[in-house]
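Student: Could you take me through this model step by step, with the meaning of each term as it comes up?

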2 protein chains.
Amino acid sequence: MIFRQLYEPLSSTYTYLLGDEDTGQAILIDPVIATMDRDLAEVHRLGLDLVYTVDTHIHADHITAALEMKRAVGSKIAAPAFDRLPCVDVGLEEGTPLQVAGITLHPLHTPGHTDGHFAYLFNEQVFTGDALLIDGCGRTDFQNGDADALYKSVRQKLFSLPDDTLVYPAHDYKECFVSSIAQEKKRNPRLGEDITLEEFKVIMSNLNLPYPKFIDYAVPGNRQCGVCPDDLPDNLASYCRQMTQSPQG
Amino acid sequence: MIFRQLYEPLSSTYTYLLGDEDTGQAILIDPVIATMDRDLAEVHRLGLDLVYTVDTHIHADHITAALEMKRAVGSKIAAPAFDRLPCVDVGLEEGTPLQVAGITLHPLHTPGHTDGHFAYLFNEQVFTGDALLIDGCGRTDFQNGDADALYKSVRQKLFSLPDDTLVYPAHDYKECFVSSIAQEKKRNPRLGEDITLEEFKVIMSNLNLPYPKFIDYAVPGNRQCGVCPDDLPDNLASYCRQMTQSPQG
(Lines give C-alpha, C1' and ligand atoms only; values in the text may rest on other atoms or scores of the structure.)
Protein backbone atom coordinates (compact mmCIF):
# COMPACT_ATOMS: atom_id res chain seq x y z
CA MET A 1 0.00 0.00 0.00
CA ILE A 2 1.29 3.43 -0.96
CA PHE A 3 0.89 6.26 1.56
CA ARG A 4 1.93 9.89 1.25
CA GLN A 5 1.32 12.77 3.63
CA LEU A 6 1.31 15.97 1.58
CA TYR A 7 1.24 19.51 2.94
CA GLU A 8 -0.39 22.72 1.73
CA PRO A 9 1.39 25.56 3.52
CA LEU A 10 -1.07 28.45 3.01
CA SER A 11 -3.75 26.78 5.12
CA SER A 12 -1.42 24.30 6.88
CA THR A 13 -3.52 21.46 5.48
CA TYR A 14 -2.47 17.84 5.20
CA THR A 15 -3.66 15.93 2.16
CA TYR A 16 -3.32 12.15 2.26
CA LEU A 17 -2.66 9.93 -0.73
CA LEU A 18 -3.55 6.25 -0.45
CA GLY A 19 -2.67 4.01 -3.38
CA ASP A 20 -3.20 0.33 -4.07
CA GLU A 21 -0.02 -0.99 -5.65
CA ASP A 22 -1.71 -3.99 -7.26
CA THR A 23 -4.35 -2.09 -9.23
CA GLY A 24 -2.81 1.39 -9.33
CA GLN A 25 -6.01 2.90 -7.93
CA ALA A 26 -5.67 5.80 -5.52
CA ILE A 27 -7.64 8.23 -3.43
CA LEU A 28 -6.81 11.64 -2.00
CA ILE A 29 -8.23 12.76 1.32
CA ASP A 30 -8.76 16.51 1.68
CA PRO A 31 -6.94 17.71 -1.45
CA VAL A 32 -6.48 21.48 -1.69
CA ILE A 33 -7.01 23.47 -4.87
CA ALA A 34 -3.79 25.41 -4.31
CA THR A 35 -1.69 22.25 -4.51
CA MET A 36 -3.70 20.21 -6.98
CA ASP A 37 -1.01 20.26 -9.68
CA ARG A 38 1.61 19.12 -7.16
CA ASP A 39 -0.66 16.37 -5.85
CA LEU A 40 -1.70 15.09 -9.29
CA ALA A 41 1.96 15.05 -10.31
CA GLU A 42 2.71 12.90 -7.25
CA VAL A 43 -0.15 10.53 -8.12
CA HIS A 44 1.20 10.27 -11.67
CA ARG A 45 4.83 9.88 -10.56
CA LEU A 46 3.83 6.89 -8.47
CA GLY A 47 2.07 5.31 -11.46
CA LEU A 48 -1.36 5.68 -9.88
CA ASP A 49 -4.81 6.66 -11.15
CA LEU A 50 -6.88 8.92 -8.95
CA VAL A 51 -10.27 7.27 -8.52
CA TYR A 52 -11.76 9.31 -5.68
CA THR A 53 -11.24 12.48 -3.77
CA VAL A 54 -12.65 12.27 -0.25
CA ASP A 55 -13.38 15.26 1.96
CA THR A 56 -13.75 15.08 5.73
CA HIS A 57 -16.04 18.12 5.90
CA ILE A 58 -16.93 21.45 4.34
CA HIS A 59 -13.73 23.35 4.91
CA ALA A 60 -13.72 27.00 5.90
CA ASP A 61 -10.04 27.82 5.39
CA HIS A 62 -9.27 26.53 1.90
CA ILE A 63 -10.99 25.36 -1.26
CA THR A 64 -11.15 21.62 -1.88
CA ALA A 65 -9.63 20.39 -5.13
CA ALA A 66 -12.41 17.82 -5.56
CA LEU A 67 -14.22 19.45 -8.49
CA GLU A 68 -11.08 20.60 -10.32
CA MET A 69 -9.54 17.13 -9.98
CA LYS A 70 -12.72 15.58 -11.34
CA ARG A 71 -12.48 17.90 -14.33
CA ALA A 72 -8.76 17.21 -14.77
CA VAL A 73 -8.57 13.44 -14.32
CA GLY A 74 -12.13 12.17 -13.92
CA SER A 75 -11.93 11.30 -10.22
CA LYS A 76 -15.24 10.87 -8.43
CA ILE A 77 -16.16 13.09 -5.53
CA ALA A 78 -16.88 11.39 -2.19
CA ALA A 79 -17.96 13.43 0.82
CA PRO A 80 -20.28 13.12 3.82
CA ALA A 81 -23.86 12.38 2.72
CA PHE A 82 -24.96 14.43 5.73
CA ASP A 83 -24.23 17.70 3.89
CA ARG A 84 -26.39 16.74 0.87
CA LEU A 85 -24.21 18.54 -1.66
CA PRO A 86 -25.60 18.06 -5.19
CA CYS A 87 -22.08 17.99 -6.66
CA VAL A 88 -21.04 14.88 -4.69
CA ASP A 89 -20.91 11.56 -6.56
CA VAL A 90 -20.82 9.30 -3.50
CA GLY A 91 -22.30 10.36 -0.18
CA LEU A 92 -20.48 8.67 2.70
CA GLU A 93 -22.26 7.35 5.77
CA GLU A 94 -21.08 5.56 8.87
CA GLY A 95 -21.45 1.81 8.49
CA THR A 96 -20.94 1.86 4.72
CA PRO A 97 -17.23 1.61 3.84
CA LEU A 98 -15.81 3.22 0.72
CA GLN A 99 -13.97 0.45 -1.11
CA VAL A 100 -11.38 1.33 -3.76
CA ALA A 101 -9.42 -1.74 -4.83
CA GLY A 102 -7.60 -2.87 -1.66
CA ILE A 103 -8.36 0.36 0.17
CA THR A 104 -11.28 0.25 2.61
CA LEU A 105 -12.19 3.53 4.28
CA HIS A 106 -14.57 3.34 7.22
CA PRO A 107 -16.45 6.66 7.65
CA LEU A 108 -16.93 7.78 11.26
CA HIS A 109 -19.43 10.55 11.88
CA THR A 110 -17.60 12.93 14.20
CA PRO A 111 -19.65 16.13 14.48
CA GLY A 112 -18.64 19.12 16.56
CA HIS A 113 -16.27 21.12 14.35
CA THR A 114 -19.03 21.00 11.74
CA ASP A 115 -22.22 18.99 12.07
CA GLY A 116 -21.43 16.96 8.97
CA HIS A 117 -17.81 16.18 9.84
CA PHE A 118 -16.46 12.67 9.21
CA ALA A 119 -13.21 10.94 10.10
CA TYR A 120 -12.03 7.96 8.08
CA LEU A 121 -10.49 4.82 9.48
CA PHE A 122 -8.11 2.91 7.23
CA ASN A 123 -6.53 -0.14 8.85
CA GLU A 124 -4.45 1.22 11.74
CA GLN A 125 -4.65 4.83 10.58
CA VAL A 126 -7.41 7.31 11.24
CA PHE A 127 -7.73 10.53 9.27
CA THR A 128 -9.30 12.78 11.84
CA GLY A 129 -9.96 15.91 9.80
CA ASP A 130 -10.50 18.88 12.11
CA ALA A 131 -12.19 16.86 14.86
CA LEU A 132 -8.93 15.80 16.50
CA LEU A 133 -5.68 17.63 15.85
CA ILE A 134 -2.31 16.80 17.41
CA ASP A 135 -2.48 18.39 20.88
CA GLY A 136 -5.64 20.22 19.81
CA CYS A 137 -8.94 20.21 17.92
CA GLY A 138 -10.86 22.29 15.43
CA ARG A 139 -12.90 25.28 16.58
CA THR A 140 -16.58 24.84 17.34
CA ASP A 141 -17.99 28.32 16.78
CA PHE A 142 -19.10 28.14 13.13
CA GLN A 143 -20.88 25.76 10.73
CA ASN A 144 -23.14 24.33 13.43
CA GLY A 145 -20.09 23.68 15.58
CA ASP A 146 -20.89 22.25 18.98
CA ALA A 147 -18.42 21.63 21.81
CA ASP A 148 -20.65 19.00 23.43
CA ALA A 149 -20.83 17.09 20.18
CA LEU A 150 -17.08 17.36 19.53
CA TYR A 151 -16.24 16.10 23.00
CA LYS A 152 -18.49 13.10 22.44
CA SER A 153 -17.08 12.45 18.95
CA VAL A 154 -13.50 12.42 20.18
CA ARG A 155 -13.86 10.85 23.61
CA GLN A 156 -16.46 8.22 22.77
CA LYS A 157 -15.77 7.43 19.14
CA LEU A 158 -12.16 8.23 18.25
CA PHE A 159 -10.72 7.32 21.66
CA SER A 160 -12.45 3.94 21.44
CA LEU A 161 -10.09 3.00 18.60
CA PRO A 162 -7.02 0.90 19.59
CA ASP A 163 -4.31 2.90 21.33
CA ASP A 164 -1.76 2.24 18.57
CA THR A 165 -4.04 3.68 15.87
CA LEU A 166 -2.12 6.43 14.10
CA VAL A 167 -3.76 9.86 14.11
CA TYR A 168 -3.34 11.83 10.89
CA PRO A 169 -5.08 15.21 11.21
CA ALA A 170 -6.19 17.64 8.50
CA HIS A 171 -4.01 20.43 9.87
CA ASP A 172 -1.02 21.14 11.98
CA TYR A 173 0.42 24.52 12.83
CA LYS A 174 3.51 23.40 14.77
CA GLU A 175 5.19 21.03 12.32
CA CYS A 176 3.80 17.91 13.93
CA PHE A 177 2.93 15.23 11.41
CA VAL A 178 1.52 12.22 13.22
CA SER A 179 0.24 11.12 16.60
CA SER A 180 -1.55 8.10 18.01
CA ILE A 181 -4.77 7.57 19.94
CA ALA A 182 -2.65 6.73 23.00
CA GLN A 183 -0.74 10.00 22.64
CA GLU A 184 -3.85 12.14 22.30
CA LYS A 185 -5.45 10.45 25.29
CA LYS A 186 -2.38 11.35 27.35
CA ARG A 187 -1.31 14.69 25.99
CA ASN A 188 -4.17 16.50 24.24
CA PRO A 189 -4.64 19.65 26.36
CA ARG A 190 -8.28 20.03 25.29
CA LEU A 191 -9.58 16.51 24.94
CA GLY A 192 -7.13 14.32 26.87
CA GLU A 193 -8.52 11.76 29.27
CA ASP A 194 -8.22 14.02 32.30
CA ILE A 195 -10.32 16.84 30.80
CA THR A 196 -14.01 16.90 31.68
CA LEU A 197 -16.77 18.02 29.32
CA GLU A 198 -17.29 21.15 31.41
CA GLU A 199 -13.58 21.98 31.26
CA PHE A 200 -13.58 21.43 27.51
CA LYS A 201 -16.55 23.75 27.03
CA VAL A 202 -14.81 26.46 29.05
CA ILE A 203 -11.63 26.03 26.98
CA MET A 204 -13.55 26.29 23.71
CA SER A 205 -15.64 29.26 24.79
CA ASN A 206 -12.54 31.18 25.87
CA LEU A 207 -10.40 30.71 22.74
CA ASN A 208 -11.14 34.24 21.49
CA LEU A 209 -10.24 33.30 17.94
CA PRO A 210 -10.63 35.90 15.18
CA TYR A 211 -13.39 35.63 12.60
CA PRO A 212 -12.12 33.19 9.92
CA LYS A 213 -10.81 35.38 7.13
CA PHE A 214 -11.83 33.07 4.31
CA ILE A 215 -14.97 31.39 5.60
CA ASP A 216 -17.47 33.52 3.69
CA TYR A 217 -15.88 32.46 0.42
CA ALA A 218 -14.69 28.96 1.28
CA VAL A 219 -17.95 27.57 2.58
CA PRO A 220 -20.06 28.47 -0.47
CA GLY A 221 -17.15 27.47 -2.73
CA ASN A 222 -16.85 24.10 -1.02
CA ARG A 223 -20.59 23.52 -1.04
CA GLN A 224 -20.02 23.43 -4.83
CA CYS A 225 -17.19 20.87 -4.27
CA GLY A 226 -14.47 23.45 -4.80
CA VAL A 227 -15.08 26.68 -6.66
CA CYS A 228 -13.07 29.85 -6.19
CA PRO A 229 -15.84 32.46 -6.04
CA ASP A 230 -15.78 35.19 -8.70
CA ASP A 231 -16.17 37.98 -6.17
CA LEU A 232 -12.96 37.28 -4.23
CA PRO A 233 -10.82 40.26 -3.26
CA ASP A 234 -7.36 40.10 -4.90
CA ASN A 235 -5.53 38.89 -1.82
CA LEU A 236 -7.97 36.03 -1.29
CA ALA A 237 -8.09 35.11 -4.97
CA SER A 238 -4.38 34.53 -4.75
CA TYR A 239 -4.90 32.49 -1.58
CA CYS A 240 -7.53 30.40 -3.31
CA ARG A 241 -5.78 29.69 -6.56
CA GLN A 242 -2.10 29.95 -5.89
CA MET A 243 -0.29 26.91 -7.19
CA THR A 244 2.42 26.55 -4.58
CA GLN A 245 5.14 24.04 -4.25
CA SER A 246 4.89 22.31 -0.92
CA PRO A 247 8.00 22.46 1.27
CA GLN A 248 7.65 18.68 1.48
CA GLY A 249 7.93 18.46 -2.31
CA MET B 1 0.63 -7.82 11.09
CA ILE B 2 0.21 -7.27 14.81
CA PHE B 3 1.88 -4.23 16.36
CA ARG B 4 1.87 -3.09 19.97
CA GLN B 5 3.73 -0.22 21.59
CA LEU B 6 4.24 -1.08 25.26
CA TYR B 7 5.59 1.20 27.95
CA GLU B 8 7.78 0.63 31.00
CA PRO B 9 7.27 3.64 33.27
CA LEU B 10 10.29 3.37 35.60
CA SER B 11 12.75 4.01 32.78
CA SER B 12 10.20 5.51 30.34
CA THR B 13 11.10 2.78 27.86
CA TYR B 14 9.04 1.70 24.88
CA THR B 15 9.01 -1.99 24.02
CA TYR B 16 7.64 -2.98 20.63
CA LEU B 17 5.81 -6.18 19.85
CA LEU B 18 5.65 -7.32 16.23
CA GLY B 19 3.63 -10.42 15.46
CA ASP B 20 2.94 -12.32 12.26
CA GLU B 21 -0.74 -13.27 12.29
CA ASP B 22 -0.32 -16.13 9.82
CA THR B 23 2.32 -18.07 11.74
CA GLY B 24 1.84 -16.67 15.24
CA GLN B 25 5.55 -15.83 15.47
CA ALA B 26 6.51 -12.65 17.27
CA ILE B 27 9.47 -10.55 18.32
CA LEU B 28 9.93 -7.98 21.06
CA ILE B 29 12.23 -5.02 20.56
CA ASP B 30 13.87 -3.69 23.73
CA PRO B 31 11.89 -5.64 26.34
CA VAL B 32 12.49 -4.56 29.94
CA ILE B 33 12.93 -7.00 32.81
CA ALA B 34 10.57 -4.97 35.02
CA THR B 35 7.65 -5.54 32.63
CA MET B 36 8.49 -9.00 31.30
CA ASP B 37 5.44 -10.65 32.85
CA ARG B 38 3.13 -7.99 31.41
CA ASP B 39 4.76 -8.29 27.98
CA LEU B 40 4.70 -12.09 27.89
CA ALA B 41 1.04 -12.00 28.94
CA GLU B 42 0.32 -9.68 26.01
CA VAL B 43 2.17 -12.00 23.62
CA HIS B 44 0.14 -14.91 24.96
CA ARG B 45 -3.15 -12.99 24.92
CA LEU B 46 -2.65 -12.30 21.22
CA GLY B 47 -2.05 -16.01 20.56
CA LEU B 48 1.58 -15.44 19.63
CA ASP B 49 4.85 -17.26 20.30
CA LEU B 50 7.87 -15.15 21.15
CA VAL B 51 10.66 -16.22 18.81
CA TYR B 52 13.19 -13.43 19.32
CA THR B 53 13.99 -10.57 21.60
CA VAL B 54 15.94 -7.84 19.82
CA ASP B 55 17.90 -5.11 21.58
CA THR B 56 18.94 -1.86 19.96
CA HIS B 57 21.98 -1.42 22.19
CA ILE B 58 23.47 -2.07 25.62
CA HIS B 59 21.09 -0.05 27.77
CA ALA B 60 22.33 1.98 30.73
CA ASP B 61 19.00 2.82 32.37
CA HIS B 62 17.23 -0.54 32.64
CA ILE B 63 17.88 -4.25 32.41
CA THR B 64 16.86 -6.01 29.20
CA ALA B 65 14.44 -8.92 29.59
CA ALA B 66 16.26 -10.89 26.87
CA LEU B 67 17.84 -13.55 29.09
CA GLU B 68 14.86 -13.97 31.41
CA MET B 69 12.49 -14.31 28.46
CA LYS B 70 14.78 -16.91 26.91
CA ARG B 71 14.62 -18.85 30.17
CA ALA B 72 10.85 -18.40 30.44
CA VAL B 73 9.68 -19.11 26.88
CA GLY B 74 12.75 -20.15 24.90
CA SER B 75 13.04 -17.01 22.77
CA LYS B 76 16.38 -16.44 21.06
CA ILE B 77 18.44 -13.36 21.83
CA ALA B 78 19.27 -11.06 18.92
CA ALA B 79 21.46 -8.01 19.44
CA PRO B 80 24.12 -6.05 17.58
CA ALA B 81 27.07 -8.28 16.61
CA PHE B 82 29.28 -5.23 17.15
CA ASP B 83 29.16 -5.68 20.93
CA ARG B 84 30.32 -9.33 20.77
CA LEU B 85 28.29 -10.47 23.75
CA PRO B 86 28.76 -14.22 24.36
CA CYS B 87 25.15 -14.56 25.53
CA VAL B 88 23.68 -13.44 22.18
CA ASP B 89 22.25 -16.13 19.88
CA VAL B 90 22.13 -14.03 16.71
CA GLY B 91 24.46 -11.09 16.15
CA LEU B 92 22.84 -8.50 13.93
CA GLU B 93 24.73 -6.62 11.24
CA GLU B 94 23.73 -4.02 8.70
CA GLY B 95 22.94 -5.61 5.36
CA THR B 96 21.73 -8.88 6.90
CA PRO B 97 18.01 -8.71 7.74
CA LEU B 98 16.52 -10.63 10.62
CA GLN B 99 13.67 -12.66 9.15
CA VAL B 100 10.97 -14.06 11.44
CA ALA B 101 8.03 -15.42 9.43
CA GLY B 102 6.62 -12.37 7.60
CA ILE B 103 8.62 -9.93 9.71
CA THR B 104 11.79 -8.57 8.13
CA LEU B 105 13.91 -6.29 10.31
CA HIS B 106 16.68 -4.35 8.58
CA PRO B 107 19.46 -3.48 11.06
CA LEU B 108 20.93 0.02 10.64
CA HIS B 109 24.19 0.73 12.45
CA THR B 110 23.59 4.09 14.10
CA PRO B 111 26.48 4.75 16.51
CA GLY B 112 26.78 7.84 18.67
CA HIS B 113 24.71 7.12 21.77
CA THR B 114 26.75 3.93 22.07
CA ASP B 115 29.24 2.71 19.49
CA GLY B 116 27.31 -0.50 18.92
CA HIS B 117 23.85 1.06 18.63
CA PHE B 118 21.48 -0.21 15.95
CA ALA B 119 18.12 1.00 14.68
CA TYR B 120 15.77 -1.44 12.96
CA LEU B 121 13.70 -0.69 9.89
CA PHE B 122 10.49 -2.66 9.46
CA ASN B 123 8.46 -1.69 6.37
CA GLU B 124 7.47 1.95 6.96
CA GLN B 125 8.44 1.96 10.64
CA VAL B 126 11.88 2.55 12.10
CA PHE B 127 12.68 1.65 15.70
CA THR B 128 15.31 4.24 16.47
CA GLY B 129 16.42 3.17 19.94
CA ASP B 130 18.22 6.03 21.69
CA ALA B 131 19.77 7.42 18.50
CA LEU B 132 16.73 9.51 17.57
CA LEU B 133 14.07 10.40 20.11
CA ILE B 134 10.97 12.51 19.45
CA ASP B 135 12.27 16.11 19.57
CA GLY B 136 15.54 14.80 21.02
CA CYS B 137 18.27 12.16 21.05
CA GLY B 138 20.18 9.99 23.47
CA ARG B 139 23.14 11.36 25.38
CA THR B 140 26.62 10.89 23.98
CA ASP B 141 28.83 11.06 27.06
CA PHE B 142 29.10 7.36 28.03
CA GLN B 143 29.65 3.95 26.39
CA ASN B 144 31.90 5.35 23.66
CA GLY B 145 29.26 7.94 22.88
CA ASP B 146 30.27 10.36 20.16
CA ALA B 147 28.33 13.43 19.04
CA ASP B 148 29.99 13.47 15.62
CA ALA B 149 28.97 9.87 15.05
CA LEU B 150 25.41 10.43 16.27
CA TYR B 151 24.95 13.44 14.00
CA LYS B 152 26.11 11.36 11.05
CA SER B 153 23.90 8.40 12.02
CA VAL B 154 20.77 10.51 12.23
CA ARG B 155 21.33 13.04 9.49
CA GLN B 156 22.87 10.73 6.89
CA LYS B 157 21.28 7.38 7.66
CA LEU B 158 17.94 7.85 9.42
CA PHE B 159 17.01 11.06 7.63
CA SER B 160 17.64 9.34 4.29
CA LEU B 161 14.60 7.15 4.94
CA PRO B 162 11.33 8.25 3.27
CA ASP B 163 9.68 11.23 4.98
CA ASP B 164 6.57 9.24 5.90
CA THR B 165 8.58 6.58 7.76
CA LEU B 166 7.21 6.37 11.29
CA VAL B 167 9.73 6.96 14.08
CA TYR B 168 9.26 4.76 17.14
CA PRO B 169 11.91 5.61 19.76
CA ALA B 170 13.12 3.59 22.75
CA HIS B 171 12.11 6.30 25.21
CA ASP B 172 9.92 9.28 25.65
CA TYR B 173 9.69 11.51 28.68
CA LYS B 174 6.86 13.80 27.55
CA GLU B 175 4.12 11.32 26.65
CA CYS B 176 4.87 11.42 22.94
CA PHE B 177 4.44 8.06 21.27
CA VAL B 178 5.25 8.37 17.59
CA SER B 179 6.81 10.74 15.10
CA SER B 180 7.92 10.59 11.47
CA ILE B 181 11.16 11.28 9.65
CA ALA B 182 9.53 14.40 8.17
CA GLN B 183 8.58 15.62 11.65
CA GLU B 184 12.06 15.07 13.10
CA LYS B 185 13.67 16.82 10.15
CA LYS B 186 11.45 19.83 10.80
CA ARG B 187 11.12 19.93 14.57
CA ASN B 188 13.96 18.10 16.29
CA PRO B 189 15.72 20.85 18.28
CA ARG B 190 19.05 18.98 18.30
CA LEU B 191 19.19 17.21 14.98
CA GLY B 192 16.64 18.97 12.75
CA GLU B 193 17.71 19.96 9.28
CA ASP B 194 18.65 23.50 10.26
CA ILE B 195 21.13 22.42 12.96
CA THR B 196 24.79 22.20 11.96
CA LEU B 197 27.23 19.63 13.31
CA GLU B 198 29.02 22.33 15.27
CA GLU B 199 25.76 23.51 16.82
CA PHE B 200 24.85 19.93 17.72
CA LYS B 201 28.20 19.38 19.41
CA VAL B 202 27.73 22.54 21.46
CA ILE B 203 24.23 21.41 22.47
CA MET B 204 25.46 17.98 23.53
CA SER B 205 28.48 19.27 25.42
CA ASN B 206 26.32 21.73 27.38
CA LEU B 207 23.57 19.36 28.53
CA ASN B 208 25.03 19.09 32.04
CA LEU B 209 23.22 15.82 32.67
CA PRO B 210 23.77 14.00 35.97
CA TYR B 211 25.78 10.81 36.16
CA PRO B 212 23.36 7.99 35.17
CA LYS B 213 22.21 6.49 38.47
CA PHE B 214 21.96 2.94 37.21
CA ILE B 215 24.70 2.70 34.57
CA ASP B 216 27.27 0.92 36.72
CA TYR B 217 24.83 -1.94 37.28
CA ALA B 218 22.89 -1.89 34.02
CA VAL B 219 25.80 -2.06 31.62
CA PRO B 220 27.45 -5.15 33.17
CA GLY B 221 23.99 -6.69 33.65
CA ASN B 222 23.08 -6.08 30.04
CA ARG B 223 26.43 -7.35 28.78
CA GLN B 224 25.12 -10.64 30.20
CA CYS B 225 21.84 -10.13 28.24
CA GLY B 226 19.94 -9.05 31.30
CA VAL B 227 21.04 -9.90 34.81
CA CYS B 228 20.13 -7.93 37.92
CA PRO B 229 23.50 -7.79 39.70
CA ASP B 230 23.69 -9.34 43.16
CA ASP B 231 25.34 -6.30 44.66
CA LEU B 232 22.52 -3.84 43.94
CA PRO B 233 21.55 -1.44 46.70
CA ASP B 234 17.96 -1.97 47.85
CA ASN B 235 16.48 0.97 45.96
CA LEU B 236 18.08 -0.13 42.69
CA ALA B 237 17.18 -3.78 43.20
CA SER B 238 13.58 -2.70 43.31
CA TYR B 239 14.14 -0.60 40.18
CA CYS B 240 15.67 -3.57 38.42
CA ARG B 241 13.18 -6.23 39.32
CA GLN B 242 9.92 -4.50 40.03
CA MET B 243 7.10 -6.10 38.12
CA THR B 244 4.96 -3.08 37.35
CA GLN B 245 1.74 -2.79 35.48
CA SER B 246 2.13 -0.37 32.63
CA PRO B 247 -0.34 2.49 32.57
CA GLN B 248 -1.00 1.43 28.99
CA GLY B 249 -2.07 -1.98 30.24
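Tutor: Helices (H or I, at least four residues) and strands (E, at least two) are DSSP runs, numbered from the N terminus. The model is predicted, so local features need pLDDT of at least 70 and side-chain atom pairs pLDDT 80 or more, while totals for chains, interfaces and linings use all residues. Residues are numbered from 1 along each chain as written, chains are lettered from A, and side-chain values use heavy atoms without hydrogens or water.

Student: Across which strands does helix 2 of chain A lie?
Tutor: Helix 2 of chain A covers residues 66-73 and runs at about 160° to strand 4 of chain A, where axes are lines fitted to C-alpha atoms, for helices over the stretch in contact (heavy atoms within 4.5 Å), and angles run from 0 to 180 degrees between N-to-C directions. The strands of chain A that helix 2 lies across are strand 3, strand 4 and strand 5 (76-80).

Student: Which are the edge strands of the sheet in chain A?
Tutor: Two strands pair if DSSP finds at least two bridges between them, and six strands of chain A form an open, mixed sheet in the order 1-2-3-4-5-6. An edge strand here pairs on one side only, and those of chain A are strand 1 (2-8) and strand 6 (90-92).

Student: How is chain B related to chain A?
Tutor: With copies superposed by least squares on the C-alpha atoms of residues with pLDDT of at least 70 in both, chain B is laid on chain A with an RMSD of 0.0 Å by a turn of 180° and a shift of 0.0 Å along the axis. The two copies are therefore related as by a two-fold rotation axis.

Student: Which residue in strand 2 of chain A stands opposite Phe3(A)?
Tutor: Strand 1 and strand 2 (residues 13-19) of chain A run antiparallel and are joined by seven bridges. Opposite Phe3(A), in strand 2 of chain A, stands Leu18(A).
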